[in-house]
Number of protein chains: 2
Amino acid sequence: MLAHWPVAGRSLLGRIGLTFLEKCWSAHTIGRTVKSFSLSEYLARVTRQVDAALDRYLPSEETPPATIHKSMRYSVFAGGKRLRPALCLAACEAVGGRVRDAIPLACAVECIHTYSLIHDDLPCMDDDDFRRGKPTNHKVFGEAIAVLAGDALLTLAFELAARDARYVRELAVAAGSRGLIAGQVQDLQNENRAVTLEEVKATHLNKTAALITASVRLGALAGNATAAQLRRLTRYGRDIGLAFQVVDDILDVTSTKEVMGKSVGADAKHHKSTYPKLLGVEGSRQYAQSLITDAHKQLEPFGARATPLRAIADFILNRTH
Amino acid sequence: MLAHWPVAGRSLLGRIGLTFLEKCWSAHTIGRTVKSFSLSEYLARVTRQVDAALDRYLPSEETPPATIHKSMRYSVFAGGKRLRPALCLAACEAVGGRVRDAIPLACAVECIHTYSLIHDDLPCMDDDDFRRGKPTNHKVFGEAIAVLAGDALLTLAFELAARDARYVRELAVAAGSRGLIAGQVQDLQNENRAVTLEEVKATHLNKTAALITASVRLGALAGNATAAQLRRLTRYGRDIGLAFQVVDDILDVTSTKEVMGKSVGADAKHHKSTYPKLLGVEGSRQYAQSLITDAHKQLEPFGARATPLRAIADFILNRTH
């Protein structure tokens with residue numbers, strides 16, 4: 001019964017959302033001990049671990065030139081959800097690896113994520129003034145330092161991944177001009193023109209799913225996943241990555257700036273083609289649900305060790321900000 | 001006698017410069033064969049090899065999204081001197097390595113160099129309209145694509161370096177917030193204020209010498225250098241890297257836009273503290289000469305295999321653009 005929590009939890013959570021999810025408990029088997037599982041506690045623990053590691057890896061605010069390090073730290077510690085690090089550590093756990101082996105990689109993906117937000121927010125890109133409820137990097141440090149802080153975080157990510165050349169390749173392909181950066185270019189080019197569902201999907205696969213999938217795969221690699229495990233986790237990553245962006249599009253229509261901590265309605269402002277525009281809000285929700293259902297299917301052989309990955313998939317579907 | 005060419009050549013070249021250098025010949029011993037050495041032919045061969053490799057490594061102009069790949073290729077193939085790749089290959093040769101093992105690393109340092117130029121030229125940074133006689137990347141592709149093309153080249157560099165995690169660390173440290181990026185920040189902060197000679201030197205060590213030193217070290221690592229060889233080549237790299245920037249400052253005062261292919265007088269325009277301002281043009285020339293003398297000293301144990309490295313050191317001192 002407890003083993004079926006993720007499935008039961010998912011449909012329940014589909015109706016009641018994250019506030020309830022945070023109170024949800026499930027069986028989480030680690031070795032021989034059985035303990036209850038709370039996603040909010042799991043994410044809080046990941047945030048503590050990853051933030052402590054990032055604090056060690058990032059040069060201090062006093063390290064010259066102080067401005068660049070203050071700027072890097074401002075955005076890295078701006079209250080991000082640490083979703084990608086959590087996926088990295090949870091994937092490592094799912095294949096029976098030692099979570100501490102995946103910590104540098106979890107930090108690397110968060111650095112890439114943060115760099116991409118800093119550059120996306122620039123006046124020449126999305127021109128956003130707020131992010132996570134705070135002024136964006138260039139509003140505080142100026143455009144030149146914001147460009148350089150993004151560059152420095154991208155560079156630091158590869159330094160952190162340089163435990164193994166395979167990790168570096170994985171990250172570089174996901175973040176490169178046929179992955180994350182391709183998504184950003186497509187996103188810019190999709191403004192003010194009619195775009196097909198296939199084009200929106202291709203954009204989201206690059207813009208969001210590539211780095212989320214890499215986060216999962218890097219954790220799995222750090223945990224010495226088998227080829228079969230890696231295949232399933234890759235599909236899981238793609239599913240939840242796409243679902244994440246579909247939900248993001250929905251929230252841009254249905255949420256408020258206060259809840260989101262950033263401007264909403266930006267897609268409409270930029271005349272972006274989104275899932276809600278192409279499928280309607282309800283159709284988009286159904287599509288996201290079908291992706292999460294497939295994600296759960298991929299996790300079946302992993303048993304209780306994949307409890308955190310299951311809970312994260314549900315969280316992505318039901319998040320309200 | 002022939003073994004002393006670099007010393008004789010250096011003082012000679014100090015008086016007559018590159019045009020003569022291109023006609024200069026020296027003994028270049030590879031294994032048992034002795035053949036004449038021409039730096040211009042050496043650089044032309046490096047350019048052919050590296051350009052062919054870059055053409056393979058960079059996604060084609062047709063690869064979607066085409067814009068980003070056109071933009072990356074525009075700047076990579078804008079007629080750069082391929083100095084850093086040449087240093088990388090020459091260092092590999094100096095320690096008796098196989099040059100082909102260093103080719104991906106030579107391409108990686110050129111990608112880092114090109115990304116840094118694209119971002120430096122942005123309106124929010126140095127705001128330059130011309131580079132190597134052509135409009136800068138953002139003048140052709142717009143600021144958003146220029147930012148992303150820089151990001152993509154930085155990312156590609158790490159993909160190319162990911163033959164060995166050591167290479168990636170070397171590159172990341174040189175390019176990071178305590179290397180290349182620190183230099184760029186210091187450069188911005190040195191505008192419109194009085195700066196000491198020590199501060200100018202610290203800026204140049206980061207802005208120019210870090211990546212030049214990394215280019216040399218990566219080639220040496222690819223050629224399986226000993227620790228002692230690596231120490232000497234590191235000092236050589238630092239010497240010529242500093243000299244390169246001193247000569248750059250001199251040329252910004254003494255050359256013309258037609259010769260340089262980019263705006264000159266930019267340092268004065270931005271009220272930058274430079275070597276000529278602090279030491280005078282003649283004092284700066286003497287300083288550059290002393291650095292190149294030390295660079296030659298570091299190369300002594302390498303014998304004829306270091307002929308290209310010696311010629312490059314002289315080229316840096318005597319270049320006219």
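Me: How many residues of chain B are in contact with chain A?
Reply: In this predicted model, 40 residues of chain B are in contact with 40 residues of chain A. Two residues are in contact if their C-beta atoms, placed from the backbone, lie within 7 Å.

Me: Which helices of chain B supply at least two residues each to that side?
Reply: Helix H4 (66-76), helix H8 (143-161), helix H9 (165-175) and helix H10 (180-189) of chain B do. H8(B) gives the most, with 11 residues. Helices (H or I, at least four residues) and strands (E, at least two) are DSSP runs, numbered from the N terminus.

Me: And by class, what is on the side of chain B that touches chain A?
Reply: That side has 24 nonpolar, nine polar and seven charged residues. Ala, Val, Leu, Ile, Met, Phe, Trp, Tyr, Cys and Pro count as nonpolar, Asp, Glu, Lys and Arg as charged, and the others, Gly among them, as polar.

Me: What turn and shift lay chain B on chain A?
Reply: A turn of 180° and a shift of 0.0 Å along the axis, with an RMSD of 0.0 Å. The two copies are thus related as by a two-fold rotation axis. Copies are superposed by least squares on the C-alpha atoms of residues with pLDDT of at least 70 in both.

Me: Which residue of chain B comes closest to the rotation axis?
Reply: B:Ala165, with its C-alpha at 2.4 Å. The same surface serves both copies, as 100% of the contact residues of chain B recur in chain A.

Me: Switching to confidence: what are the scores?
Reply: ipTM is 0.88 and pTM is 0.88. Chain A averages a pLDDT of 88, and 84% of the residues score at least 70. pLDDT is the predictor's confidence in each residue, from 0 to 100.

Me: Where in chain A is the pLDDT below 50?
Reply: Over residues 1-34. Beyond near neighbours in sequence, that stretch still has 49 contacts in the model.

Me: How are local features filtered, and how does the numbering go?
Reply: Local features need pLDDT of at least 70 and side-chain atom pairs count only at pLDDT 80 or more, while totals for chains, interfaces and linings use all residues. Residues are numbered from 1 along each chain as its sequence is written, with chains lettered from A and ligands numbered from 1 in the order in which they are written.

Me: Last one: how many helices and strands in chain A?
Reply: Chain A has 16 helices and four strands.
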